[in-house]
Amino acid sequence: RSILMEDENFIKTAEKLAETVRQFTSFLLPFFLAVVCLVTLAIFLVLRGARRDMAIACSLGRPKGLVGAAQLLAALAAELAGCLLCLPVMIGLARLPAGASASICGAFLLCALAGDLLGLWLLLRFDAIALLTASKE
């Protein structure tokens, strides 16, 4: 009789766990999209002040692709540094395995790359001459 009760409890717990896993996986895509949108917004706001500098570089003959690549590498370096700083915290304080912590950082860096590319694409859609000749008011 006790074996039957424990088996019933196990089945109920397993069903609840399976439902929780299904809910978790259904929220992964919206979560990653939210991270991409937040990184895009951050890159756009941080580099918006550098548009004039990027326009000057473009007007001096530097291709927009190289200007964007330099900004992309700088942003990715900062995001990688943030991941490297968070890695010991995730392993030590949160007690996550090193592989899981590294995969979390990798997923963030992929989302950050997508957000950086989108933000830079939005920023680099300028006419250098029009931007440089516009008066500041």
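Begin by selecting helix 5, residues 98-123, in this predicted model: at 1.5 Å a residue its 26 residues should span 38 Å, and the end C-alpha atoms lie 36 Å apart, which agrees with that expectation.

Keep helix 5 on display and colour its buried residues, which are S101, C105, C111, A112, G115, D116, G119, L120 and L123. If you then add helix 2 (28-47), helix 3 (51-59) and helix 4 (64-92), you will have on screen the elements against which the buried residues of helix 5 pack.

Next, show the lining of the largest pocket by selecting L28, F31, F32, V35, C83, C86, M90, I104, C105, A107, F108 and C111. Helix 2, helix 4 and helix 5 are the elements that each give two or more residues to this lining, and helix 5 supplies the largest share, with 5 residues. The pocket holds about 180 Å³ of space, and its lining divides into 12 nonpolar residues, with no polar and no charged ones. C105 and C111 deserve a second look here, since both belong to the pocket lining and both are listed among the buried residues of helix 5.

Finally, move to helix 1 (residues 2-26) and select R22 and E19, which lie 3 residues apart, about one turn of the helix. Their closest N and O atoms are 2.9 Å apart, and the two residues form a salt bridge; the count for the model comes to 1 salt bridge. Neither partner is buried, because R22 has a relative accessible area of 49% and E19 one of 35%, so that both count as partly exposed.

Conventions. Residues are numbered from 1 along each chain as its sequence is written. This is a predicted model: local features need pLDDT of at least 70, side-chain atom pairs count only at pLDDT 80 or more; totals for chains, interfaces and linings use all residues. Side-chain values use heavy atoms; hydrogens and water are left out. Helices (H or I, at least four residues) and strands (E, at least two) are DSSP runs, numbered from the N terminus. The expected span of a helix is 1.5 Å times one less than its number of residues. Buried means under 20% relative accessible area, exposed over 50%, partly exposed in between (1.4 Å probe, protein chains only). Contact means heavy atoms within 4.5 Å. A salt bridge is a side-chain nitrogen of Lys or Arg within 4 Å of a carboxyl oxygen of Asp or Glu. On a 1 Å grid over the protein atoms alone, a cavity is a set of points where a 1.4 Å probe fits but cannot get out, and a pocket is an open set with protein on both sides within 12 Å along at least five of seven lines; lining residues have an atom within 4 Å of a point. Grid points are joined across faces, edges and corners, and a volume is the space filled by probe spheres set on the points. Ala, Val, Leu, Ile, Met, Phe, Trp, Tyr, Cys and Pro count as nonpolar, Asp, Glu, Lys and Arg as charged, and the others, Gly among them, as polar.
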